[in-house]
Amino acid sequence: MSPALLLLILLGLGGLAYGMGRARARAFATDPRAAVHSRPVYHGAFVAAVALLPALLLLAAWALLADGLVDAAVLARLPDGGGFETDLARTAFLTEVGELARGDIPSAFDPRAAELAPVWRAASQRIGWLFGGGVLALFAVGALWAFGRLRPGFRARTAVERLVMAALMLASLIAILTTLGIVLSLLFESLRFFRLVSPVEFLSGLTWSPQTAIRADQVGSSGGFGAVPLFWGTIFIGAIIAMVVAIPLGLMSAVFLTQYAPAAFRRWAKPILEVLAGVPTVVYGFFAALTVAPLVRQLGLSLGIAEASAESALAAGLVMGIMIIPFVSSMADDALAAVPAAMKDGSLAMGATVSETIRRVLIPAALPGIAGGVLLAVSRAIGETMIVVMAAGLAANLTANPFRSVTTVTAQIVALLTGDQEFDSAKTLSAFALGLVLFLVTLALNIYALAIVKRYREAYD
Amino acid sequence: MTDAGIALAGPGPAVPARTATDWKSAAMRARVRARYRSEQWFRALGVLALAIAGAFLLFLLGTIVRDGWRAFQQTEIEVPIRFDRALLGLPEGKPGPQQLQSGDYANLLDPVLAANPGMGRAISEGAWVRLRTMVMKDPALLGQERKVWLTATSNFDLLAKGSIDRTADEADRRVSDRDIALFDQLGREGRLRTGFNWQFLTGSDSTVPELAGIWGALKGSLLMILVTLGLAFPVGVLAAVYLEEYAPRNRWTDIVEVSINNLAAVPSIIFGLLGLAVFLNVLGMPRSAPVVGGLTLALMTLPVIVIAARAALKSVPPSIRDAALGIGASRVQVVFHHVLPLALPGIMTGTIIGVARALGETAPLLMIGMRAFLTDAPDGFDQPATALPVQIFIWSDNVARGFVEKTSGAIIVLLLLLMALNAIAIWLRNRYEVRW
């Protein structure tokens, strides 16, 4: 019996249990002397839930554990656990046995696999029956117990609602579990990385060449894990070039849309601006690499910059800045809207023109909110991946020349983790260390920016 | 104080008589003009900012459409084919389906190539598949001769679409003079036609541009989005209901709220690292599988849905809750019978927007190995698959000239998909949203 089939059977049985519970409760309702507490649906739901939940839990455990148990039974037959040199060899052998036993492959490479295939089959069958029987027995016990509790005075609704509340709480826990999962997985792999490379070298070294040598005497075997060129590239593209594009354009479009444009124009222009934020980043990346980068290179060459490369910080930063415009614009929009109307009206009443009011009154008053929005935009820009992967290149240059190629933290994570991975090499693990830095920096930026925005809102409320 | 009053009244230092501003004076007029001029400039700057953003959007979409619409067309060449049993390696008599399937159909082109070796560069290396399909459908074709339209190679396709500059020097262009002569000859004989490229919509990835299609990637994306939706929607709505309607104000709830708000701003690639470390390495789930991609994207979409759902629940007025409580509904009944149905349109809108974002996401999928070269569409949630944005990324790296239009074509499909989703979201909002 496979877990998927059993799941279907269980769901069918659960429906049956629901129907029986409801039918029994309906019978109470016909008795005029009984004071029935809950409506029949709650009795049905109670029976179904009590019967299904433990059975489903056991089923999940089965799906997770079954392979491991079968493998253990097979390995127990081998003297000294098979004597495999690496985990990989053992996994490969067990996969082979399994495929042979299921009949997916006609013959096995390892002669021991043919011997053990019947063992695998027997163990798989035994464990299947054991768990399958267990699941069904658990269902039956639960259903009978719950059915036995149904009485006119039984508070089925209270019981069901308690279950619903538990489900709600569990759902809200997932967010914490995700955060915890991110922090723990990044920390764990980063610690393994920092056992190989010192954190001081990682955070202050100036050379980044993450190849690890196969032989100790190979050229460049030392590998360089100084991430400063990456940090610089990330800041250069995300916090400098992109912001030089996005802040003036975003701020001015917000000012025009909120202060000058007629409502009808605003209704059209704002969604069009938002389209810029909805275009997938891989599309921006393709556009940056194929269309913008050659233009930027030509511009560089015509300016007499001989080292203008096909992949440049400027191309990636420009396109990223355009992508961020709607984000900056909507943050600036919110900040301007939060300034009390009395300040604007006062300035206009004194005879200032609209632009004078905006420059001397509205923007200074909204500055904390705008600054918070810009910080959020920076945090988004430095975490952006596809544009820099496709347009900025992988050369770890420590340069302030926007026409040269630089690389960023995100681009390196992608480069390090695509292709073959071995999980004990510093090369692969360094991606997690970079991820940890990225996570911490964006987290700090977000918390700080949100705090600014919040304090600013409170000041005018 | 009185002293001061007296001093003001009495003779004191002479206060200069304030003359009224002469607005008509040349200096004042110039000042007012300058102020209005700067007003005009400022306004123009605002228009300019919007115009730049709009122009860029137009430029982006224009370039993509210009390069991409041709991906939906494919050139074909008419070739006389003799369905010769000997060439196919089929025995005399009525062959079974198995034999028909395994025949050597590429050999059928041998006579054509023998007559004109140049045709080898004109007819796609995968063109024989169509011959097999024809024979499988109608075995009576065996032994007969037919004129068949076969897929042209990428170079001939680009020639037909005018994407190759014929005036360029032969060394600089991808197509030789001989091929151009052959192309022109075929054109004169009326053996070229350009039709709708079904292969692009129904095929999967390939090493040759003219055989590459997006169906495999599209199906991978759809499977993934199903998993994402199936997990993130219920969990997100339940979490939002708990936080908005029931959660007590305490430290624990604060931690949940802070972590949800922060998750919404975590870079997507971090979710990819999480998926790699937890789903693949710890839980041992299959690499490149839609189920893992879907799970990763679900974690990413969850905070978006929670935030949207909370906003929708908050907008349901308290009077609804009070009325339901007043006539004796329990707290769970209030929410599930009254508040949630009223908030559902808003929740759906937020969910669709979150899902649209997940559908365009690339970086986390690269982390969990959905970058494989797959020539078949995935058959299930645990089969190796790729996704449409990842396919775009893979093709964009391909140097073959024919892939540029394929990449842009795939982008057009992706953008149309996202536009359709957003249109549904807007329609839902306009149709069902209630202003209280």
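**Two domains, two chains and a pair of helices**

Let's start inside chain B of this predicted model: the C-alpha centres of its domain 1 and domain 2 lie 45 Å apart. If you want to find these domains in the sequence, domain 1 of chain B covers 72–196, and domain 2 of chain B covers 215–432. The two do touch each other: domain 1 of chain B gives five residues to the contact, and domain 2 of chain B gives four. On the domain 1 side of that contact, you'll find two nonpolar residues, one polar residue and two charged ones.

Now let's look at how the chains meet. Here 63 residues of chain A are in contact with 63 residues of chain B. On chain A's side, helix α5 (residues 156–196) supplies the largest share, with 19 residues. What classes of residue make up the side of chain A that touches chain B? There are 41 nonpolar residues, 19 polar ones and three charged ones.

Finally, back to chain B for a look at two helices. Helix α10 (residues 215–246) of chain B packs with helix α17 (residues 388–396) of chain B at an angle of about 145 degrees, and their axes are 7 Å apart. Which residues meet where α10(B) and α17(B) come together? From α10(B) come B:Ala217, B:Leu218 and B:Ser221, while α17(B) brings B:Leu388, B:Val390 and B:Gln391. Sorted by class, the residues of this helix contact are four nonpolar and two polar, with no charged ones.

How values were computed. Residues are numbered from 1 along each chain as its sequence is written. Chains are lettered from A and ligands numbered from 1 in the order in which they are written. This is a predicted model: local features need pLDDT of at least 70, side-chain atom pairs count only at pLDDT 80 or more; totals for chains, interfaces and linings use all residues. Domain bounds come from an automatic or database domain assignment. Two residues are in contact if their C-beta atoms, placed from the backbone, lie within 7 Å. Ala, Val, Leu, Ile, Met, Phe, Trp, Tyr, Cys and Pro count as nonpolar, Asp, Glu, Lys and Arg as charged, and the others, Gly among them, as polar. Helices (H or I, at least four residues) and strands (E, at least two) are DSSP runs, numbered from the N terminus. Axes are lines fitted to C-alpha atoms, for helices over the stretch in contact, and angles run from 0 to 180 degrees between N-to-C directions.
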